[in-house]
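Visitor: I would like a close look at a single part of this protein. Please take me through that part step by step.

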Amino acid sequence: MSEPELSEPEHGTYTGYQWHVREGVPTCAPCRAAKAAYQRQYRATRPGAREADRAWNKTRRHALERLAFEYPKRFQDLLEEERLAMSQSRQVLRPVPGGAR
Ligand SMILES: [Zn+2]
């Protein structure tokens, strides 16, 4: 896990939302609103995008279930690694403009 970037992007933008995700910083309300607006725009210009996203997420979920079944030890190790990484990234969290959720 890398340290958070020193310079934050403008909050309330899709770039800001991506920064939150990339740095593991809880999203602020303006960035969540910007992400929602981006998604609305994306769906409006691509009919069927929502259904395609759902189908893809279902496919991924099924593949992860099979992976966990076929490689239970490795899957448990990866879960533990990710859990540790998440707890470590929370330790470097700092207040976010607009209030973190
Ligand atoms: Zn933000």
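Visitor: To set the scene, what percentage of the 101 residues of the protein chain count as buried? Then please show me helix α1 and what it packs against.

Guide: This is a predicted model. Of the 101 residues in the protein chain, 9% count as buried. The chain has four helices and zero strands. Along the sequence the pattern reads α-α-α-α. Take the contacts between residues at least 6 apart in sequence: 42% of them join residues at least 24 apart.

Now to α1. This helix covers residues 14-23. Its buried residues are Gly16, Tyr17, Trp19 and His20. Look down the axis of α1: the buried residues fall within an arc of 155°, so they line one face of the helix. Turn to the face that points away from this buried side. There you find the exposed residues Thr15, Val21 and Arg22.

What do the buried residues of α1 pack against? Their partner is α2, which spans 29-45. On the α1 side, the residues in this contact are Tyr14, Gly16, Tyr17 and His20. On the α2 side, they meet Cys31, Ala34, Lys35 and Tyr38. By type, the residues of this contact split into five nonpolar, two polar and one charged. Gly16, Tyr17 and His20 are buried residues of α1, and they also take part in the meeting with α2.

Next, the geometry. Two packed helices are described by the angle between their axes and by the distance between the axes. For α1 and α2, the axes come within 8 Å. They cross at roughly 115°. That angle makes α1 roughly perpendicular to α2. The crossing of α1 past α2 is left-handed.

Now look at what lies on either side of α1 in the sequence. After the helix comes Gly24. Its phi is positive, near 70°. In the segment before α1 sits Glu10. Is Glu10 buried or exposed? Glu10 has 12 other C-beta atoms within 10 Å. A residue counts as exposed at 12 or fewer, so Glu10 is exposed.

Glu10 also has a link to the story of α2. Cys31 is one of the α2 residues that α1 meets. Glu10 and Cys31 are 21 residues apart in sequence. In space, they are 8.9 Å apart, C-alpha to C-alpha.

Definitions and conventions:
Residues are numbered from 1 along each chain as its sequence is written. This is a predicted model: local features need pLDDT of at least 70, side-chain atom pairs count only at pLDDT 80 or more; totals for chains, interfaces and linings use all residues. Helices (H or I, at least four residues) and strands (E, at least two) are DSSP runs, numbered from the N terminus. A residue is buried if 20 or more other C-beta atoms lie within 10 Å of its own, exposed if 12 or fewer, and partly exposed in between; C-beta atoms are placed from the backbone. Two residues are in contact if their C-beta atoms, placed from the backbone, lie within 7 Å. The arc is that of the directions from the helix axis to the C-beta atoms. Axes are lines fitted to C-alpha atoms, for helices over the stretch in contact, and angles run from 0 to 180 degrees between N-to-C directions. Angles under 35 degrees count as roughly parallel, over 145 as roughly antiparallel, 65 to 115 as roughly perpendicular and the rest as oblique. A crossing is left-handed if the near helix is turned anticlockwise from the far one by less than a right angle, and right-handed if clockwise. Ala, Val, Leu, Ile, Met, Phe, Trp, Tyr, Cys and Pro count as nonpolar, Asp, Glu, Lys and Arg as charged, and the others, Gly among them, as polar.
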